[in-house]
Amino acid sequence: GWDNDEIMALIKDLEGDVIYTGYVSESDLAVLYNLATLFVFPSLYEGFGLPPLEAMACGCPVIVSNVASLPEVCGDATVYIDPLDTDDLASKIENVLSDAVLLKKLSCRGVAKAELFSWDKSARQHLEVFNAVMN
């Protein structure tokens, strides 16, 4: 990202507890999503929200912000947090990680939600809009 000197300093202070990977290839990213117990995305702004959708497609349970496009993209397949409330974030992470039934439910719902999105479907819908405008 940008303007992240403070965050990078915090990561350095947490060395051993936090791993900063830098760029991750698509194939490695899929592996990380599949190995993760939980994907947490406390974003303040999203144009669409591909990372949570990618995680859900891999069956990884997801916690996301309740802002921007994320509620529309993620629907009922995730747990929502206020991205500015660290207590809410910590509480929701703890609740989800301590509830095996909820983890499984989020995983199943996430896979089902992710199946509603595809590049082919997006291209077809864009073509329909384009054709409607041109006709």
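Start by selecting helix H7, residues 119–134. In this predicted model, H7 is hardly covered: among its 16 residues, the count of buried ones is 0. Put a distance between the end C-alpha atoms of H7 and you will get 22 Å, which agrees with the 22 Å that 16 residues should span at 1.5 Å a residue.

**Zoom out**

Now show the whole chain as a cartoon. The protein has 7 helices and 3 strands, and from the N terminus on the elements run α-α-β-α-β-α-β-α-α-α. Along the principal axes, the C-alpha atoms fill a box of roughly 60 × 40 × 30 Å. Of the 135 residues in the protein, 29% are buried. If you draw the contacts between residues at least 6 apart in sequence, 45% of them join residues at least 24 apart.

**Back from H7 to the loop before it**

Select Glu115 next, in the loop between H6 and H7. Glu115 counts as exposed, because its relative accessibility is 63%. Add Leu53 to the selection: the two residues are 62 apart in sequence, and their C-alpha atoms are 9.4 Å apart in space.

**Helix H6**

Step back along the chain to H6, residues 100–114. H6 has 15 residues and reaches 21 Å from its first C-alpha to its last, close to the 21 Å expected at 1.5 Å a residue. At its N-terminal end, look for the cap: a side-chain oxygen of Asp99 lies 3.1 Å from the backbone nitrogen of Val101.

Which residues of H6 are buried? Colour Leu102, Leu103, Leu106, Ser107, Gly110, Lys113 and Ala114. Turn the view so that you look down the axis of H6: these buried residues fall within an arc of 140°, so they line one face of the helix. An α-helix has 3.6 residues a turn, so residues three or four places apart point the same way. On the face turned away from the buried side, pick out the exposed residues Ala100, Val101 and Lys104.

What do the buried residues of H6 pack against? Show helix H3 (50–57), strand S2 (62–65), helix H4 (70–74), strand S3 (79–81) and helix H5 (86–97) to see their partners.

**A lysine on the buried face**

Stay on H6 and display Lys113 as sticks. Lys113 is buried yet has no salt bridge. How far away is the nearest side chain of opposite charge? That side chain belongs to Asp76, and the distance is 6.2 Å. Leaving aside neighbours within four places in sequence, the contacts of Lys113 are Met56, Glu72, Val73, Cys74, Gly75 and Ala77.

**A charged pair in H5**

Side chains of opposite charge can pair when their charged atoms come close. For such a pair, select Asp88 and Lys92, whose side chains meet in a salt bridge at 3.0 Å, N to O. The count of salt bridges comes to 1. Asp88 and Lys92 are 4 residues apart in helix H5, so about one helical turn separates them. Asp88 is buried, with a relative accessible area of 18%, whereas Lys92 counts as partly exposed at 24%.

**Strand S2 and Ser65**

Move to strand S2 and centre on Ser65. Is Ser65 buried or exposed? Its relative accessibility is 0%, so Ser65 counts as buried. Select Ile81 as well: it sits 16 residues from Ser65 along the chain, with 4.9 Å between their C-alpha atoms. Beyond residues up to four places away in sequence, Ser65 touches Phe41, Pro42, Ser43, Leu70, Pro71, Tyr80, Ile81 and Pro83.

**The loop between S2 and H4**

Your last stop begins with Ala68, in the loop between S2 and H4. Most residues other than glycine have a negative phi, and most peptide bonds are trans. Check the backbone of Ala68: its phi is positive, near 55°. Ala68 counts as partly exposed, with a relative accessibility of 47%.

Finish on Ser69, in the loop between S2 and H4. Ser69 is buried, at a relative accessible area of 13%. Show its contacts, leaving aside neighbours within four places in sequence, and you will find Glu46, Gly47, Phe48 and Gly49.

Note on methods
Residues numbered from 1 in each chain as written. Predicted model: local features only at pLDDT ≥ 70, side-chain atom pairs only at ≥ 80, totals over all residues. Heavy atoms only, no water. Helix = DSSP H or I, 4+ residues; strand = E, 2+ residues; numbered from the N terminus. Buried < 20%, exposed > 50% of the residue type's maximum accessible area, 1.4 Å probe, protein only. Lys, Arg positive; Asp, Glu negative; His and termini not counted. Salt bridge = Lys/Arg side-chain N within 4 Å of Asp/Glu carboxyl O. Contact = heavy atoms within 4.5 Å. Expected span 1.5 Å × (residues − 1). Arc of directions from axis to C-beta. Polar contact = N/O pair within 3.5 Å; in protein donor to acceptor, adjacent residues only side chain to side chain.
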